[in-house]
Every structure is written in structure tokens, then in C-alpha cells.
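User: Please take a close look at one part of this structure and explain it step by step. I am in my first year, so give the cut-off for each term.

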Amino acid sequence: MVLIDLDQPGVEVRPIRAEDGENHFAEIFLDNAWLPGDRVIGEVGQGWEIAMYMLQWERGAWGWLQQGRFHKRLEQALQIASPSPSIQQPSVTPTR
């Protein structure tokens, strides 16, 4: 696993559009891109192990983030749908 500057020559980033219209993921192509030796994370050959360790935290955080967004939208919808206590409903007199 390495850290690489995505805006350097030799790096091409192709966004992958998700179903929601956002670009949450991308393909990254390296063609003679330069990488200094101090950009290696962990030991050479341990990239997959490190990625799997990191993904357990990323996936959990994403779920919490989505849950927070859902609760915020639900709260907003409830505020819109609920009449304000300061607004008095007109009394309806039955007609005969």
C-alpha cells in the first residue's frame, strides 16, 4: 500500500458514477508515475492486510454517517409536516 499524489504526471483518475449520481469511487491508472520510497505504508507485501484492516473502520464510519444523514432528513421532514404550535387551526362549525 502506498500514498501517491493523484495530480502528478503519470496518474489518471477516472471517476465511477454511482447509482445516486455521485462519484464515490474511481479507477486509478499509473503510467510511469513517480513514488518516493517514504510513501510506502507498512511493509512491502503487506498492502492487502493493511487495506482490510482500514476498511473495517471505513465501512463502519460510512454506515454511521449515512444513519446521521437519514436522521437529519427525517427530522427536517417532521418539522415541515408538523404544524407550528403558534398556528391556530380554524374551528370548523358543522353546517346543517
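Analyst: Leaving out neighbours within four places in sequence, Leu35 is in contact with Val2, Leu3 and Ile4, where contact means heavy atoms within 4.5 Å. Leu35 and Leu3 are 32 residues apart along the chain, and their C-alpha atoms are separated by 8.2 Å. Leu35 sits in the loop between β2 and α1. Helices (H or I, at least four residues) and strands (E, at least two) are DSSP runs, numbered from the N terminus. With a relative accessibility of 33%, Leu35 counts as partly exposed; buried means under 20% relative accessible area, exposed over 50%, and partly exposed in between, with a 1.4 Å probe and protein chains only.

This is a predicted model, in which local features need pLDDT of at least 70, side-chain atom pairs count only at pLDDT 80 or more, and totals for chains, interfaces and linings use all residues. Residues are numbered from 1 along each chain as its sequence is written, and side-chain values use heavy atoms, with hydrogens and water left out.

The three contacts of Leu35, namely Val2, Leu3 and Ile4, also appear in the lining of the second largest pocket, together with Leu6, Ala26, Ile28 and Leu30. A pocket is an open set of points on a 1 Å grid over the protein atoms alone, where a 1.4 Å probe fits, with protein on both sides within 12 Å along at least five of seven lines; lining residues have an atom within 4 Å of a point. The volume of this pocket is about 210 Å³, counted as the space filled by probe spheres set on the points, which are joined across faces, edges and corners. Its lining has seven nonpolar residues, with no polar and no charged ones. Ala, Val, Leu, Ile, Met, Phe, Trp, Tyr, Cys and Pro count as nonpolar, Asp, Glu, Lys and Arg as charged, and the others, Gly among them, as polar.

Asn32 is found in the loop between β2 (25–30) and α1 (47–81). It is not a glycine, yet Asn32 has a positive phi of about 60°. Asn32 is exposed, with a relative accessible area of 76%.

One of the pocket residues, Ile28, is also touched by Glu12, along with Glu27 and Phe29, not counting residues up to four places away in sequence. Glu12 belongs to strand β1 and is partly exposed at 39% relative accessibility. From Glu12 to Ala33 the C-alpha distance is 9.6 Å, across 21 residues in sequence.

For the chain as a whole, the order along the sequence is β-β-α. Of its 96 residues, 5% count as buried.

The average pLDDT is 83, and 79% of the residues score at least 70; pLDDT is the predictor's confidence in each residue, from 0 to 100. Confidence is highest in strand β1 (residues 11–16), at 95, and lowest in α1, at a mean of 81. Where pLDDT is low, the predicted coordinates should not be read in detail.
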